Amino acid sequence: MKTAAEKLKDKLSYKSENAWESKNYKQDELESFSREYIKFISTCKTEREVIDYLIKMLNQKKIREKAGNTFYIVNKNKGIAIVKIGKNDLKKGVKLIVSHVDSPRLDLKQNPLYEDTGVALFKTHYYGGIKKYQWVTRPLALHGVVILKNGQSVKISIGESDGDPIFFISDLLPHLSYKVQDEKSLKEAIPGEKLNIVVGSIPYTADEEFKEKIKLNILQYLNKTYKMEEQDFLTAELEMVPAGKARDVGFDRSMIAGYGQDDRICVFSAVSALLDTKSGDDTIVVYLADKEEIGSDGNTGAKSMFLKQIIKNIFINKYKKVDMVAVEECLFNSRAISADVNGALDPDWKDVHEKRNAAILGHGVCMTKFTGSRGKAGASDANAEYIGSVRKVLNQNKVCWQMGELGKVDEGGGGTLAKFIADYGMDVVDMGPALLSMHAPMELSSKIDLFMTYKAYKVFFEKL
């Protein structure tokens with residue numbers, strides 16, 4: 001028998017619970033969803049590949065670009081919006097989930113290829129917030145697109161198939177690193193200009209005597225294989241990413257390790273939720289943006305005018321005309337989720353978290369009221385009324401969820417797309433799973449958190 005105090009505690013106190021212990025999921029459904037997700041992130045290593053994958057999937061479902069009650073609109077092959085038009089007047093707003101398709105990586109510089117001390121190498125410029133030491137001496141794959149001098153677009157993906165070569169960044173052996181690396185901080189031990197990719201070592205075999213025979217041999221290979229010349233690097237977008245597929249983790253296979261889960265775990269969950277939601281009263285939208293990892297600038301980032309283009313296309317499809325005053329009213333009255341991940345409480349580094357307010361792996365989808373740094377600088381701080389309405393529908397529909405904060409107050413911080421969406425006046429809150437090793441070449445997620453994220457997004461579309 002419980003005491004009166006224990007009963008009162010059960011009634012009044014709060015603590016997030018391990019979602020695996022809930023009755024709010026079916027194991028076979030969870031595993032099926034996880035397998036499809038693993039396939040997605042193993043296939044889509046760049047923002048362009050995400051968009052290509054989604055377009056192919058949508059076309060297979062007979063969903064077309066800019067046409068019909070369910071349609072999509074593409075932004076320069078790096079962003080996309082998927083829309084299901086509802087019955088309600090658009091002035092009442094739409095339900096919007098916004099996420100980002102880019103992830104930290106190494107971009108090739110525009111003039112990358114050179115030869116030095118018996119090897120050919122590529123120069124890189126890292127993209128987004130990375131720990132540079134995590135990228136050396138690991139298998140890397142080359143993905144991207146090259147625009148040839150005749151205007152032809154050539155897609156490249158090397159390092160993913162079993163028969164492919166991989167690429168490599170050399171690191172200094174411990175016998176010689178004492179002064180130049182070991183006495184430095186982790187941040188300084190691997191300078192950005194030393195993240196150079198080893199791509200070959202065999203010289204061109206002609207009889208002529210000239211410099212850079214190894215570089216010439218690489219150029220010859222690229223020309224034979226892709227019709228490339230060296231100047232074509234100037235009109236290319238080529239990215240070095242971790243090679244290999246995402247994998248189950250643990251004896252119990254309860255977790256997933258893979259590259260780019262920030263933020264493609266939310267991308268997959270949001271698109272799946274929209275496609276599984278039947279058309280109803282509300283118009284629902286998934287908007288996937290580029291450039292979040294570097295501030296959301298540029299014509300494919302969330303600061304661009306693409307969201308207005310999306311709303312204008314919805315008006316055209318529903319009413320056959322656009323009223324810009326009504327478009328502004330629609331944006332202001334919309335409700336949104338900024339679908340992004342949080343950092344899970346790390347068992348080896350608990351001191352940088354504030355335990356009472358940290359997200360825990362396996363405790364369900366994480367709602368994040370605010371991000372920013374120190375005094376909430378650069379944050380969108382969701383209001384209590386909106387969080388209350390989201391909380392209500394999550395609880396009513398048995399979605400396991402938790403509230404999380406990104407580290408101690410003065411420890412660091414980060415930002416999401418929420419503040420750019422909030423600029424339109426709509427209510428928005430961050431929501432997504434918590435990850436371990438966020439921004440590393442391999443990130444760790446929980447399958448139960450993935451599934452609860454999908455359930456949360458579907459509930460948002462159907463019930464809020």
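# Notebook: the loop at Asp102 and the rest of the chain

**Entry 1, Asp102.** I began with Asp102, which sits in the loop between strand S4 (95–100) and strand S5 (105–116). I note at the outset that I am working with a predicted model. Is Asp102 buried or exposed? Its relative accessibility is 0%, so Asp102 is buried, the cut-off being under 20%.

I then listed the contacts of Asp102, leaving out neighbours within four places in sequence. Acidic residues in the list are Glu47, Asp262, Asp263, Asp290, Glu292 and Glu293. The list also holds Arg264 and Lys291, together with Tyr127 and Ala289.

For a distance check I took Tyr14. Between Asp102 and Tyr14 I find 88 residues of sequence separation and 36 Å from C-alpha to C-alpha.

**Entry 2, Asp262 and Asp263.** Two of the contacts of Asp102 are Asp262 and Asp263, and I looked at the bond between them. The peptide bond joining Asp262 and Asp263 is cis, with omega at about 20°. Asp263 belongs to helix H7, which covers residues 261–276.

**Entry 3, Phe40 and the cores.** Arg264, a contact of Asp102, turned up again in the list for Phe40. With neighbours within four places set aside, Phe40 is in contact with Val50, Tyr53, Leu54, Arg264, Val267 and Phe268.

Which residues touch the most other members of the largest nonpolar core? They are Phe40, Ile80, Ile97, Met431 and Tyr457, in a core of 63 residues. Helix H12 (residues 447–463) gives this core its largest share, 10 residues. I also found a second, separate core of 34 residues, with Ala120, Leu140, Leu222 and Tyr226 among its members.

**Entry 4, Asn313.** I looked up Asn313 in helix H8, which runs over residues 306–319. Its relative accessible area is 13%; this is under 20%, so Asn313 counts as buried. Which residues does Asn313 touch, not counting those up to four places away in sequence? The answer is Lys66, Phe71 and Ile73.

**Entry 5, positive phi.** Next I went through backbone angles. Lys62 is not a glycine, yet its phi is positive, at about 65°. I placed Lys62 in the loop between helix H3 (47–60) and strand S1 (64–65). With a relative accessible area of 66%, which is over 50%, Lys62 is exposed.

Thr117 also has a positive phi without being a glycine, and the value is near 45°. Where is Thr117 found? Thr117 is in the loop between S5 and strand S6 (119–127). S5 is also one of the two strands on either side of the loop that holds Asp102. Thr117 has a relative accessibility of 75% and so counts as exposed.

**Entry 6, two further exposed residues.** Tyr178 is part of helix H4, residues 178–182. Its relative accessible area is 52%, and Tyr178 is therefore classed as exposed, the limit being over 50%. I took Met452 as a partner for a distance: Tyr178 and Met452 are 274 residues apart along the chain, and their C-alpha atoms are separated by 47 Å.

Lys26 lies in the loop between helix H1 (4–12) and helix H2 (27–43). At 57% relative accessibility, Lys26 is exposed as well. From Lys26 to Val98 I get 72 residues along the chain and 27 Å between C-alpha atoms.

**Entry 7, the chain as a whole.** I left the totals for the end. I count 12 helices and 22 strands in the protein chain. Why do I call the chain as compact as a globular protein of its length? Its radius of gyration is 24 Å and the globule rule gives 23 Å for 464 residues; the two values are close, so the description holds. The C-alpha trace spans about 85 × 60 × 45 Å along its principal axes.

Of the 464 residues, 51% count as buried. The accessible surface is about 23,000 Å², and carbon and sulfur atoms hold 51% of that surface. For contacts between residues at least 6 apart in sequence, I note that 76% join residues at least 24 apart.

Last, charges. The chain has 68 positive and 64 negative charges, and the mean positions of the two sets are 6 Å apart.

How values were computed: Residues are numbered from 1 along each chain as its sequence is written. This is a predicted model: local features need pLDDT of at least 70, side-chain atom pairs count only at pLDDT 80 or more; totals for chains, interfaces and linings use all residues. Side-chain values use heavy atoms; hydrogens and water are left out. The radius of gyration is taken over C-alpha atoms; the globule rule is 2.2 Å times the number of residues to the power 0.38. Buried means under 20% relative accessible area, exposed over 50%, partly exposed in between (1.4 Å probe, protein chains only). Contact means heavy atoms within 4.5 Å. Accessible areas come from the Shrake-Rupley method with a 1.4 Å probe; for residues, only the protein chains shown count as cover. Lys and Arg count as positive and Asp and Glu as negative; His and the chain ends are not counted. The place of a charge is taken as NZ of Lys, CZ of Arg, CG of Asp or CD of Glu. A nonpolar core is a set of buried Ala, Val, Leu, Ile, Met, Phe, Trp, Tyr and Cys residues joined through side-chain atoms within 4.5 Å.
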